[in-house]
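Please examine the structure below with attention to the enclosed spaces inside the protein. The paragraphs that follow describe these spaces and the residues around them.

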Amino acid sequence: MRILVLGAGAIGGYFGLRLAEAGADVSFLVRPGRAAQLERDGLVVSSHGEERRMRVPALLAGEVNQPFDALLLTCKAYDLPTAIEAIAPAVGEISVVLPLLNGLAHFDVLDARFGAGRVLGGVAYIATTLEPDGTIRHTSPMDTLLFGDRSGRLTPPVEALGEVFAATQVTARASMEITQDLWEKWAMLAAGAAITCLLRGTIGEVLATADGAAVAARTIAEVRAIAAAHGHAPRPAAVAQADRTLGDPQSRWAASMMRDIQQGAPRLEAEHVIGDLIRRGREHGLAAPTLEAAYAQLQVYNARGAA
Ligand SMILES: NC(=O)C1=CN([C@@H]2O[C@H](COP(=O)(O)OP(=O)(O)OC[C@H]3O[C@@H](n4cnc5c(N)ncnc54)[C@H](OP(=O)(O)O)[C@@H]3O)[C@@H](O)[C@H]2O)C=CC1
Ligand SMILES: CC(C)(CO)C(=O)C(=O)O
């Protein structure tokens, strides 16, 4: 199976390197700055004290002239339009596109461009950061990847991807309920991002304040009500997992969007992760005042970055 990873950033570089070290046929589609870093230093992942460095094939947009079997889409949501144009020449009759972005808004755009049958669902439970020097730092204990056909069927491309990932050290699993998985991840992430970005701290720091626990509880309730209204209330295991992550007073965790703020990222996925959820709530007449406050604050951040 020939795999093309769009972006050699935090998650694309991490999962792509794991594929490459397992002997998979994997290439990266990158922009000139990242291409120069890869040419100079190779692809570098630092995971729990262990550094892995590999030379990997890297292409620039315009250099793709044949289809790949699977396209892993790992850009940030705000880069989706250029990323879609870049991968388009690599999408052929039998190709599948596996987006690993948080949220769900990208499916409308991808389905319209490539056809819904070609676009798989993908969920990554991992914490990785692309450092300015090009190193990808993996900081979470987990590196879980779920993928599946959104029809709920176990299709040949999904089986093939399962075989490729089975040879890696990634905790990867084909899912027959990928849309539910996507909603559960989004619900957890959106609540965590709204709480930690709005209150500018880790979960532990938030819960140590006078009203932090109450704000967190309201945020979680708003998110879960929206997911439920769309027929995707988180299942008990997902609720328990999210409650552990978002309710631990000792936690030093913050959502990756908060890590982006701390790194001074020029843009955040505010619209994709929070704004889209608020809009889906409104479709069902649900108010989400805490999410709105977080979203407004993130829009101010984005506007300053753009200025
Ligand atoms: N980081 C994490 O721990 C997790 C992230 N996610 C989600 O995964 C997605 C990706 O996040 P993350 O990996 O952190 O982001 P990064 O910014 O680290 O990586 C994205 C990469 O995509 C590249 N890219 C963007 N547009 C193009 C393009 N047109 N052509 C080629 N390359 C392109 C960027 O290139 P360049 O370097 O040139 O800008 C960048 O290296 C987001 O939706 C995020 O929410 C999900 C789970 C965990
Ligand atoms: C998996 C999780 C919640 C890890 O931090 C994430 O996706 C994020 O923060 O963006």
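In this predicted model, the largest cavity is lined by Lys-76, Asn-102, Leu-189, Ala-193, Ala-255, Ser-256, Met-257, Asp-260, Glu-269 and Val-273. Two elements each give two or more residues to this lining, namely helix H6 (178–198) and helix H10 (256–262). Of these, H10 provides the largest share, with three residues. The volume of the largest cavity is about 60 Å³.

The chemical character of this lining may be considered next. Five of the lining residues of the largest cavity are nonpolar, two are polar and three are charged. Among the charged residues in the lining are Lys-76 and Asp-260.

How many cavities of 30 Å³ or more are counted? The count comes to two. The second largest cavity holds about 40 Å³ of space. Its lining consists of Leu-100, Leu-101, Asn-102, Gly-103, Gly-122, Val-123, Ala-124, Leu-182 and Lys-185. Strand S8 (121–130) and H6 are the elements that give two or more residues to the lining of this second cavity. Which element gives the largest share of that lining? It is S8, with three residues. By character, the lining of the second largest cavity divides into five nonpolar residues, three polar residues and one charged residue.

The two linings may finally be read together. Asn-102 appears in the lining of the largest cavity, and Asn-102 also appears in the lining of the second largest cavity. Helix H6 likewise gives two or more residues to the lining of the largest cavity and two or more to that of the second largest cavity.

Technical notes. Residues are numbered from 1 along each chain as its sequence is written. Chains are lettered from A and ligands numbered from 1 in the order in which they are written. This is a predicted model: local features need pLDDT of at least 70, side-chain atom pairs count only at pLDDT 80 or more; totals for chains, interfaces and linings use all residues. Side-chain values use heavy atoms; hydrogens and water are left out. On a 1 Å grid over the protein atoms alone, a cavity is a set of points where a 1.4 Å probe fits but cannot get out, and a pocket is an open set with protein on both sides within 12 Å along at least five of seven lines; lining residues have an atom within 4 Å of a point. Grid points are joined across faces, edges and corners, and a volume is the space filled by probe spheres set on the points. Helices (H or I, at least four residues) and strands (E, at least two) are DSSP runs, numbered from the N terminus.
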